[in-house]
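Here is a structure to read together. Each question asks what stands behind a term, and each answer sets a value against its cut-off.

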Amino acid sequence: MQSSVEIKDGTGLEVLTQLNAAFQTLASCNTGASEPTETYPAMHWLDTSGANAVLKQRNADNTAWIERGTFIDNKFHSADRTQIIVRELTLSTDWEGDSVPFTQEIEVEELSETDAPTITIVPAGTHSEQMAQVAEFSKVYRGVTTDGKITFYAKEATVLPVALQMQLIK
């Protein structure tokens, strides 16, 4: 709802009607498909003109709207949110090189050269199979990101595949 928040002189009923409309406007964050005609520094507007409602806030100079986030499936997604990317990776037994360092590249589209993901081993199977996978992963001593991939370095080529999980905060 969008009504004026400026209350003009009038009869008791007129002032009460204006107050009620102003309170509804404030309580609904100026919800509407077009921007409010009256704007104030720091005021909010829930823009419903698109497929998903966008929460906007007026800047301190009252000259522009700043997007604060979007409602998608009734959940708020902040415009400046941190993105957490999780990918399942597998170190295979196919390593490049005949001597140290052995290398293996895994493509990860979201990676850039400046990223520093967290890599965790995800062993599976029986206890002895898990311990064997941990022993294999202990051969890996480094992972280096470049645009679109991560290169692992090992002191010895692994002889078992090792399941990994990569977590990247952007």
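Q: What makes two strands a pair?
A: Two strands pair if DSSP finds at least two bridges between them. In this predicted model, β2 and strand β3 (residues 65-72) have five bridges, in the antiparallel sense. Five meets the cut-off of at least two, so they count as paired. One of the facing positions is L55, which stands opposite G69 in β3.

Q: What links β2 and β3 along the chain?
A: They form a hairpin, with six residues between them. N62 sits in that turn and has a positive phi of about 60°.

Q: How do you know that β1 and β2 pair?
A: Strand β1 (residues 44-47) shares four bridges with β2, in the antiparallel sense. At least two are needed, so this is a pair. W45 stands opposite K56 in β2. β1 and β2 also form a hairpin, with six residues between them.

Q: Why is β2 called mostly covered?
A: Buried means under 20% relative accessible area. In strand β2 (residues 54-58), five of five residues are buried. In a regular strand the side chains alternate between the two faces of the sheet. Here both faces are covered. V54, K56 and R58 are buried on one side, L55 and Q57 on the other.

Q: Why are β5 and β7 said to stand at the edges?
A: Three strands form an open, antiparallel sheet in the order β5-β10-β7. β5 (84-91) and β7 (118-121) each have a single partner strand, so one side of each is left without a neighbour in the sheet. Neighbouring strands of this sheet are turned by 25° against each other on average, direction ignored.

Q: What makes β7 and β10 a pair?
A: β7 and strand β10 (residues 162-169) have four antiparallel bridges. The cut-off is at least two bridges, so the pair qualifies. T120 has Q165 in β10 as its bridge partner.

Q: Why is the chain called more spread out than a compact globule?
A: Start with its elements: there are two helices and 10 strands. From the N terminus on, they run α-β-β-β-β-β-β-β-α-β-β-β. The radius of gyration is 28 Å, and the globule rule gives 15 Å for 170 residues. The value is well over the rule, so the chain is more spread out than a compact globule. Its C-alpha atoms fill a box of roughly 90 × 35 × 25 Å along the principal axes. Of the 170 residues, 28% count as buried.

Q: What makes the contact of R87 and E110 a salt bridge?
A: Side chains of opposite charge can pair when their charged atoms come close. The closest N and O atoms of R87 and E110 are 2.4 Å apart. The cut-off is within 4 Å, so this counts as a salt bridge. R87 lies in strand β5 and E110 in the loop between β6 (102-107) and β7, so the pair ties together parts that are 23 residues apart in sequence. The structure holds five salt bridges.

Q: Are R87 and E110 buried, exposed or in between, and how do you know?
A: Partly exposed lies between the 20% and 50% cut-offs. R87 has 32%, so it is partly exposed. E110 has 25%, so it is partly exposed too.

Q: How do you know that K149 and E105 form a salt bridge?
A: Their N to O distance is 3.2 Å. That is within 4 Å, so the term fits. K149 lies in strand β9 (residues 149-154) and E105 in strand β6, so the pair ties together parts that are 44 residues apart in sequence. K149 is partly exposed at 25%. E105 counts as exposed, because its 52% is over the 50% cut-off.

Q: Why are K139 and E136 called buried?
A: The cut-off is under 20%. K139 has 11%, so it is buried. E136 has 7%, so it counts as buried. K139 and E136 form a salt bridge, with the closest N and O atoms 3.0 Å apart. Salt bridges that share partners join E136, K139 and E156 into one network.

Q: Why is L26 called exposed?
A: Its relative accessibility is 53%, over the 50% cut-off, so L26 counts as exposed. L26 lies in helix α1 (residues 12-27). With I7, L19 and F23, L26 makes a nonpolar surface patch of about 360 Å².

Methods. Residues numbered from 1 in each chain as written. Predicted model: local features only at pLDDT ≥ 70, side-chain atom pairs only at ≥ 80, totals over all residues. Heavy atoms only, no water. Axes fitted to C-alpha atoms, helices over the stretch in contact; angles between N-to-C directions. Buried < 20%, exposed > 50% of the residue type's maximum accessible area, 1.4 Å probe, protein only. Patch = residues over 30% accessible without salt bridge, like charges linked within 9 Å, V, L, I, M, F, W, Y side chains within 5 Å. Areas by Shrake-Rupley, 256 points an atom, 1.4 Å probe, with all protein chains shown as cover. Salt bridge = Lys/Arg side-chain N within 4 Å of Asp/Glu carboxyl O. Rg over C-alpha atoms; globule rule 2.2 N^0.38 Å.
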